[in-house]
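Visitor: Could you take me closely through one residue and then place it in the wider fold, giving the cut-offs behind each term as you go?

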Amino acid sequence: MTGELDVVRRALEMDDVLYEKVVDSRVEWEGRIFSVELAQVELSDGSLGRRELVRHHGGAGVVAVLDGRVCLVRQYRVALGRMTLEIPAGKVDPGEPRDLCAARELTEETGLLAERLELLTESYGAPGFTDEHTSVYFAHGVTQGPAHLDEGEFLNVVWVPVDVALLAIRAGLIDDAKTVTGILAAKAYGML
């Protein structure tokens, strides 16, 4: 398998023609979850460009399946102005291991406990402007306990048959990046 990935590794090697050197940057705004940075970059032809960057603490999510149904949380997202269906997930606290964040969010949002979490995939939702990095895990040995939602967090747990979740992804009804990535990775690895 290592040799098979060489073409991808070569494609990811640094390329001086594509490289953008940051010559100046400043934080314009600092929030609880992310900050906004303005950067001036020098392009390979010597010209200058401007980049608006969102620096994010990162997150972790969990694909949990029980009796052929995937656990999703239904919540309203102000940024989209509509409801979404997403895997249980949340932001990583400073210094917090990603797997512990995933386990914490799974229990807080759904009450589910996992005997073991297995890393499915890592993703960057929109690398053109943010460094938000999400680790997605698969929950093994899921059991139900009580949920402990954060203050000001309102959501419903929805159990969707795996085949229906896959159809909903294709139909664009489930369109959250970490959720799509996680469910498709679990399917590709034979976990669903």
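Guide: **A close look at T110**

T110 is buried, with a relative accessible area of 5%, where buried means under 20% relative accessible area, exposed over 50% and partly exposed in between, with a 1.4 Å probe and protein chains only. The model is a predicted one, in which local features need pLDDT of at least 70 and side-chain atom pairs count only at pLDDT 80 or more, while totals for chains, interfaces and linings use all residues. Residues are numbered from 1 along each chain as its sequence is written, and side-chain values use heavy atoms, with hydrogens and water left out.

T110 lies in helix α2, residues 98-110; helices (H or I, at least four residues) and strands (E, at least two) are DSSP runs numbered from the N terminus. A polar atom of the T110 side chain lies 3.0 Å from the backbone nitrogen of L112. Not counting residues up to four places away in sequence, T110 touches C71, V73, P88, E105, Q144, G145, A147 and V157, a contact being heavy atoms within 4.5 Å.

L112 leads on to the cores of the model, each nonpolar core being a set of buried Ala, Val, Leu, Ile, Met, Phe, Trp, Tyr and Cys residues joined through side-chain atoms within 4.5 Å. Of the 19 residues in the largest nonpolar core, V63, V70, L72, L120, I174 and I183 touch the most other members. The elements giving two or more residues to this core are β4 (59-66), β5 (69-77), β9 (133-144), α3 (162-170) and α4, and α3 gives the most, with five residues. A second, separate core has twelve residues, among them L112, A64, V92 and A102. V70 touches A64 as well as V63, V65, V158, W159, V160, V162, A165 and I183, again not counting residues up to four places away in sequence.

Strand β9 holds F138, which is buried, with a relative accessible area of 7%. Leaving aside its neighbours within four places in sequence, F138 is in contact with V63, V65, R116, L117, E118, L120, A186, M191 and L192.

A186 is one of the buried residues of α4, along with K178, T179, V180, G182, I183 and A185. The twelve residues of α4 (residues 177-188) should span 16 Å at 1.5 Å a residue, and its end C-alpha atoms are 16 Å apart, which agrees; the expected span is 1.5 Å times one less than the number of residues. Helix α4 is followed by G190, whose phi is positive, near 75°.

Elsewhere, an open sheet of three strands has the order β1-β2-β3 with antiparallel pairing, and two strands pair if DSSP finds at least two bridges between them. Its edge strands are β1 (21-30) and β3 (48-56), each pairing on one side only. Strand β2 (residues 34-42) is joined to β3 by nine bridges, and A39 stands opposite R51 in β3.

For the chain as a whole, there are four helices and ten strands, and 37% of the 192 residues count as buried. Among contacts between residues at least 6 apart in sequence, 55% join residues at least 24 apart. The C-alpha trace spans about 60 × 45 × 35 Å along its principal axes.

Conventions: Polar contact = N/O pair within 3.5 Å; in protein donor to acceptor, adjacent residues only side chain to side chain.
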